[in-house]
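I opened my notebook to jot down what I looked up in this structure. Here it comes, one topic at a time.

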Amino acid sequence: MFLDNTTITVQAILTKRGRELLAQNGNINITSFALSDDEIDYTLYQNGGNSAFNDLALRNTPVMEPLTDESQMLKHKLVTLTQGATSIPVISVSQPNIIVASTYNGTVTITPSTTPAYDLQDGYTLVLGNKNVGTLIVQQANATNTPSNIIPSTVGNINTVSSQVVVGNIFQFIPNSNLSVTTTTNLTIIGNDSGASNSIEVTVTVPVQTS
Amino acid sequence: MIFTPFNPDTDIVLGRTLRVTSGVWPNNGTSISQSTMVGDYYSLTGSIGNPSYGTSVYDIRRTAYYLNVFPTINEFNNNDPYLSVSYGNIAGEYGSGSYNSDINFSNVFPTKAIYTEYKNLLLGSTLNASSTFVMNTGSSTIKANDIFVISFSTYKMKDNIDAGGIQFSLSGSNGNFTFIDDSPFQSSVQTSYQIISGSLTSLPSTPNYQGIGVFYPASGIIVLNASVIANLVGFNSLLGNSTFSYNPGISTVDYTVNHQVFFLSLTLANNTFITQDSEYVPSTQYYVRVMNKLFNYSNNPTFVYDGTDGVHPQGLIYNSDFISNPQTYITTVGLYNNSNELVAVAKLSKPAVKSFNNEITLKVQINT
């Protein structure tokens, strides 16, 4: 009788957020899973041939222990695409960056898109690193219309107090008219279906006062 | 798609309880040399009968009631006791420690208090004031009016001391004697087991019941029949000192000598104390079923070109082999709540290859 190796058994640890929820609610209400390969360097794969050793370097990669800080885990998630795909979804926005004066009365429209087409169902999560520069509002909600103020763990080291998070398809940015000094921050855009991400700089300029 | 919902009916198994066993001793060891054991009486006082702390016999640190036992001097220095040993006497007016030399009157009854404490704890609700511990002698039973007790720290024994896994030795004027519990000879799980002579590596063919003692796994307590043990092992003038003798009627000292004699017998035995414990951990299991068409592509930045070389567009898969036969290497499983918050994470011991040609089932276990 040999061991059944079709099932891999692993032990999970609670993240800090998981422990908080367990303490608050008595349960953590797990509903879904995601997978990642953060440690893997795919450039080490040897293309060509039928050698069983093409991926030896990848299979031998030592795996790190899990960390309890959720922002440091699963930064690069695996994604499901149709067979034959040649590209991984890439998020783009029309503007390479946003530079706007604090006195600007209008709004800046941000319309992310994913190529190839993706993120059509759950839309995008936008994280404004420093909410002091202005305000994000949702112009068009995503199909499932599930607003969230949760920062996806893929964003990494984001201060939850100073940042703003919105979910939708199309967004508007309104600069803070009370800003006292020119300030630049990052706007991170995450595809909620694809896991892809992109980041652009947002700068709100303050006119120099002349006496 | 990066998140896959669980099917609560088929993928989540609630209410599992796992038994986790480990050694009781330092570094999860299952055995410790008895000769390295340290008791807090000798070390703290410097000399027997001369406690260096407290002037009152009521001060429990004078060890009239029990001795804390440390596996080695290291645990002693860290004040990290693993067990205690004590002596109990059902009568109490006899037995060492019941006499207060400070006031020349018997008004402290540590041995009776010890006996009653363990009796109330271990013998159930049907006992009365005259109930005693009873040991099995094979065809009949014998009452134990005085007892030696080994009691493991709850922190160290976790949920219970495993039956069939204990062994300890005592040394006296009659030689060395090694004891185990009789669970290997029982056909069903019991709440208590008799202590018999023998060793784990050399089990007797049949148990020889001598009324030695009783082992309570769930309480982590071994109750030994003091008079039987003293006669069997020979607790007379250990180390050639008549002070180190078992004497249930001694009444002229304000400290308890009998459990010190028992502890000394433990340390003099040139053998190991073997013990392992069990912990029952509630857990939930999540079955992560990665079907053949799922998760064959990655957002890992090395999986694709970044578009900076002016030749390959951003997002194009880096390895040409992966266009016809994409492969990913799973290292991490993240479990999310309905707000997509990462609440638990598990790592695989080595990357698991995933492609359109295979499926993987991961059993992710969370102990809560």
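**Rings in chain B**

I began with the rings: W25(B), Y82(B), F152(B), F168(B), F179(B) and F273(B) are linked into a cluster by ring pairs. My rule for a pair: rings of Phe, Tyr and Trp (its six-membered ring) count if their centres lie within 6.5 Å, and planes under 30 degrees apart are stacked, over 60 edge-to-face, the rest tilted.

Before going on, I noted that this is a predicted model, where local features need pLDDT of at least 70 and side-chain atom pairs count only at pLDDT 80 or more, while totals for chains, interfaces and linings use all residues. Residues are numbered from 1 along each chain as its sequence is written, chains are lettered from A and ligands numbered from 1 in the order in which they are written, and side-chain values use heavy atoms, with hydrogens and water left out.

Back to the cluster: how are the rings of F152(B) and F273(B) arranged? Their centres are 5.8 Å apart and their planes at 90°, so I wrote down edge-to-face. F152(B) belongs to strand β9 of chain B and F273(B) to strand β16 (residues 272-274), 121 residues apart. For strands and helices I took DSSP runs numbered from the N terminus (helices H or I, at least four residues; strands E, at least two).

I then asked whether F152(B) is buried or exposed. Buried means under 20% relative accessible area, exposed over 50%, partly exposed in between (1.4 Å probe, protein chains only). F152(B) has 4% relative accessibility, so I call F152(B) buried; F273(B), at 0%, is buried too.

Y82(B) got a note of its own, since K156(B) lies over its ring face, 4.3 Å from the ring centre. That label needs NZ of Lys or CZ of Arg within 6 Å of the ring centre and within 35 degrees of the ring normal.

Over all chains I have 24 aromatic pairs. One of them is Y87(B) with Y246(B), edge-to-face at 6.4 Å centre to centre and 75° between the planes. Y87(B) sits in strand β6 and Y246(B) in the loop between α5 (226-234) and α6 (258-268) of chain B, so this pair ties together parts 159 residues apart in sequence. Both Y87(B) and Y246(B) are buried.

**Helix α3 of chain B**

Next I checked helix α3(B), residues 110-122. Its buried residues are P110(B), T111(B), I114(B), Y115(B), Y118(B), K119(B) and L122(B). Why are they on the same side of α3(B)? Because they cover an arc of only 165° around the axis, taken from the directions from the helix axis to the C-beta atoms. After the helix comes G124(B), with a positive phi near 90°.

**A hairpin in chain B**

β7(B) and β8(B) run antiparallel, joined by four bridges; I count strands as paired if DSSP finds at least two bridges between them. V134(B) stands opposite K143(B) in β8(B). The two strands form a hairpin with four residues between them, and G138(B) in the turn has a positive phi of about 100°.

**Where chain A meets chain B**

Last, I followed strand β2 of chain A (residues 30-36), where six of seven residues are buried. β2(A) pairs antiparallel with strand β19 (residues 327-337) of chain B over six bridges, and L35(A) stands opposite V333(B) there. Two bridges also join β2(A) to strand β1 (residues 4-5) of chain B, again antiparallel, with S32(A) opposite P5(B).
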